[in-house]
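Biologist: I am new to this structure and would like a close look at a single part of it. Please take one residue as the starting point, describe its surroundings, and work outwards from there.

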Amino acid sequence: MARQVLLFICFLSLGSALGQVSYSIPEEMSKGSLVGNIAQDLGLDLKRLKSGKARIYTGDSAEYIELNKDRGVLLIKERVDREALCGQTTPCALHLQIILENPMDFYSITIEITDVNDNAPSFEKGRISFRISESAILGSKFMLDPAIDPDVGINGLQSYILNPTDNFNLKFRNKPGDGQNVEMVLQRQLDREKQQNITLVLKAFDGGDPQLSGSIEIHIIVLDANDNAPIFTKSVYKATVTENAPKDTIVSTVRATDADEGINGKIEYSIANMQDNARHIFDINKESGQVSVVGKVDFEKARNYEIRVQASDHGGLTDSCKIIVDVIDINDNKPVIDIVSKTNVIAENSPFDKVVTMINVQDPDSGENGKVRCSINENIPFSLKSVKTNFFSLVTDSDLDREKYSYYNISVTCSDEGVPSLSSSITLSLQISDVNDNAPVFEKSSYDATVQENNTPGLSIFTVRAGDKDFDQNARVSYILEDSSVNGVPVSSLVSVSADSGVIHAVRSFDYEQIKDVQFRVKAQDGGSPPLSSNVSVKIIIQDQNDNAPQVLYPVQSGGSVVAEIVPRSADVGYLVTKVVAVDVDSGQNAWLSYKLQKATDRALFEVGLQNGEIRTVRQVTDKDAVKQRLTVVVEDNGQPSRSATVNVNVALADSFPEVLSEFTDFTHDKEYNDNLTFYLVLALAVVSFLFIVSIIAILSVKCYRWRRERMFYKSGANLPVIPYYPPLYADVGGTGTLQHVYNYDVCRTTDSRKSDLKFARPCSESIISLDTSGTQTLTHMQREKHNIEDQQKPPSADWRFTQNQRPGPSGAAATPEVAMGTGPWPNPPTEAEQLQALMAAANEVSEATNTLTPGTMGLSTRYSPQFTLQHVPDYRQNVYIPGSTATLTPNPQQPQQALPPPQASAAQPEPPKAAQTPASKKKSTKKDKK
């Protein structure tokens, strides 16, 4: 507490304080209670509190207050007990500082703790006993132990009440600086014979609200007469004691006298009404009155003590005095170094005078013993500056270079000016953080490497390495291939660089014949911000391999013709027949070629030059030598392993060209060519056979399917009803305009209709096709309209008939001169198809003759009433092809269907040609012929 008061006084005396705020709060406030809005009172922004890492510095004392940086307010951290914190000292205050960083600032805060009435007056003893002579004179005073109330001010001890007051009265004095005196005054003479023991109750009251009190019982034994009380020689004694004085050191001696003799004149000394902090430090000899040290005297806890001594005789008379003891300070405390704010890491490019650490040094001693000075070790780029009393800041005073010194151990030593001087020290560890101030450096100024051609893609060729003096991310080197091209090809398609290891890989297989070397640049870049980089030149030389066989340029090999060199039979020895010319695209010894004769019809007749490939005769040509000579020459390079090529040379030994031609016309193709041709012929035959078998299977399947359908239709088609269907898109064929929609018919065939040739086809044209009466003419739309206009009011002709060629008849039937057109019986009994054709023609006539039909109905001529019913009406939903006739009925879903032209138009026409036979009719006639 004394240190806090001293620190508070020091802060009040500073003129350089940046700011000071005072608050007043009652004691015993609950945790989290609001003390004050420090941000508003100091004029600070909440962002400044957060960015500056604001915090409270209280030194060694307990932390009762905490700072809420989000709200900028001070809150109660621990319950504050004013009595435990300050005792009887008033005013009681907490002194703390708010420290800010970046930049480093601090503010002084004073919080006064006001007292609340939380302590009732209490007595140290449970009972007070007195031995009073009955001869005690009126007005005799008897000192009572005062009550103790830790509260101060109005909440402290205010009054006493003594009950009963028959013999004694109470006298209470409370003077500032003189302490409390509570005395019991005799106001009526005691009479031992009437009352030997007297019991009183003393109550002590404070002035709080509500008022609290404490009581003690006073027991009085009335003695025989002792009419003289002890008297001290001084009412106040003064003494001094050295701090940390050893035990039993005599501080002072008090003396009192008593005029009585004997037992009534013997005096005993005792310490009464001692302060709490001195109760266990001093003691008195009850016989001699010597006050001595029994505990530890600490100047930093108390600078003076007040001791009250009481002298009493055996008659119960007493007197009191006061001893004031001053403590002399000695240099017994080392300076205490406390780190207020510390930066553990500082960048190497930090400016001068940047605050690294702020420390506070306290020495509880006083005077010269409490003055301190601080210093740091030498030859470091830092210095220690005094900000204000007992506050020091460690700042930079020169350039920092992490590459030289990555950290510093700074020793701070603080010593006081006492005799002997005491000192203390701390070591601050400061790490220097790296700044990206060094670019990567390659181990070599340039790199050269070789690689064999035909390498595998991804082959590791070699490694480039670069170092960076910086640290961590700033020293992390990444390798980048700079953009360039080699012979028009991007270098990135040839090589790649591993970003982490710097290993150069071949992206693809190199070909020496295309690229002799690859030159590019690799950049090394660190991971700093901004990044630093350097580059290096790299050259990769491609080494040739014997990967190309010699190529024969002459003689040219052709697969379809035979080329022969003609040698006259009169050729001399050494005659140049021809020269084999070959090249090798490799280089060096891989391209050195040699020529050898592998096989020949007559090896004794020819030789090949080893170096030049010239074929010459080695002897004279004779008549016995064959005209056809075949030589095989091997061209071989000098690589390891070597590669070779062969060439066939045909030589003709003849003096004339016809002789040569007759000999070489029977040359056959090579065996390999014949083998290939045979293979393809066999393959083609197999494919054709397979397709033929598949076709046969498909045709049989279709036939079976159709046969099954005909069987099903035959069984289920005997008694099927005919339901007419009238869709809304067929026009009135009669031309009357009453039938606004087209209509269709459902066709019901007989049980034997499967034997007829009836074909259904889907509509294939949007034009309306009508039939003329002759069955050979197709009218256009305009012509039909014309006929409709002319015949709109004409009644149907009762004599309208088919001509002989129009009538359906048996297959192969034709009109004869004996039968008139439009008359006569059927030549043969009609078949089902012929009957169906007649029915469809009748339906056309009926539709032509009907003038008053409505949609959904169908009118028939009375001419066909007995025989022609709705059951015989065909279905016009499909195109119908009628065997034996060239006419085709086609419905049009978009245009109304026109009526057929009147029969008179066709009566004048010549007889049409005989209807062509259908396949079905041919089959029927054939069956009949067989029968």
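Modeller: Leaving aside residues up to four places away in sequence, N455 touches A506, R508, S509 and F510. This is a predicted model, and in it the side chain of N455 reaches the backbone nitrogen of F510 at 3.0 Å. The residue has its place in the loop between β33 (446–452) and β34. Is N455 buried or exposed? Its relative accessible area is 7%, which is under the 20% limit, so N455 counts as buried.

The strand that follows this loop, β34, belongs to an open sheet of three strands, whose order is β34-β40-β39 and whose pairing is antiparallel. The edges of the sheet are formed by β34 (460–463) and β39 (495–497), each of which pairs on one side only. On average, neighbouring strands of the sheet are turned by 25 degrees against each other, if direction is ignored. Between β34 and β40 (residues 503–506) there are three bridges, in the antiparallel sense, and T463 stands opposite V503 in β40. A506, one of the residues that N455 touches, falls within the range of β40 as well.

From the sheet one can go on to the nonpolar core to which its strands contribute. The largest nonpolar core has 29 residues, and those with the most contacts inside it are I504, F520, V522, V538 and I540. Two or more residues each are given to this core by β33, β34, β36 (478–481), β39, β40, β41 (517–525) and β42 (533–543). As a general background, nonpolar side chains in soluble globular proteins tend to be buried together. V522 shows how many parts of the chain can be met from one position, for among the residues it touches, not counting those up to four places away in sequence, are F442, V464, Y479, V497, I504 and V538. A second, separate core has 28 residues, including L67, V80, L94 and L100.

Two of the residues that V522 touches, F442 and Y479, are also found in a cluster of rings, where ring pairs link F442, Y447, F462 and Y479. The count of aromatic pairs comes to 13. One of the pairs is formed by F130 and F142, whose ring centres are 6.0 Å apart and whose planes stand at 70 degrees, so that the pair is edge-to-face. Because F130 lies in β8 (residues 127–133) and F142 in β9 (residues 141–144), the pair ties together parts that are 12 residues apart in sequence. Both F130 and F142 are buried.

Some details of the backbone in other loops complete the picture. Most residues other than glycine have a negative phi, and most peptide bonds are trans. D472, in the loop between β35 (466–467) and β36, has a positive phi of about 55 degrees although it is not a glycine. N379 likewise has a positive phi, of about 60 degrees, and is placed in the loop between β27 (372–376) and β28 (382–388). With a relative accessible area of 79%, N379 is exposed, whereas N455 is buried. A cis peptide bond joins T90 and P91, with omega about -10 degrees, and P91 lies in the loop between α4 (82–86) and β6 (92–100). Another cis peptide bond joins Q640 and P641, with omega about -5 degrees.

Terms used: Residues numbered from 1 in each chain as written. Predicted model: local features only at pLDDT ≥ 70, side-chain atom pairs only at ≥ 80, totals over all residues. Heavy atoms only, no water. Pairing = 2+ DSSP bridges. Helix = DSSP H or I, 4+ residues; strand = E, 2+ residues; numbered from the N terminus. Axes fitted to C-alpha atoms, helices over the stretch in contact; angles between N-to-C directions. Buried < 20%, exposed > 50% of the residue type's maximum accessible area, 1.4 Å probe, protein only. Polar contact = N/O pair within 3.5 Å; in protein donor to acceptor, adjacent residues only side chain to side chain. Contact = heavy atoms within 4.5 Å. Core = buried A, V, L, I, M, F, W, Y, C linked by side-chain atoms within 4.5 Å. Phe/Tyr/Trp six-rings, centres within 6.5 Å; stacked < 30°, edge-to-face > 60°.
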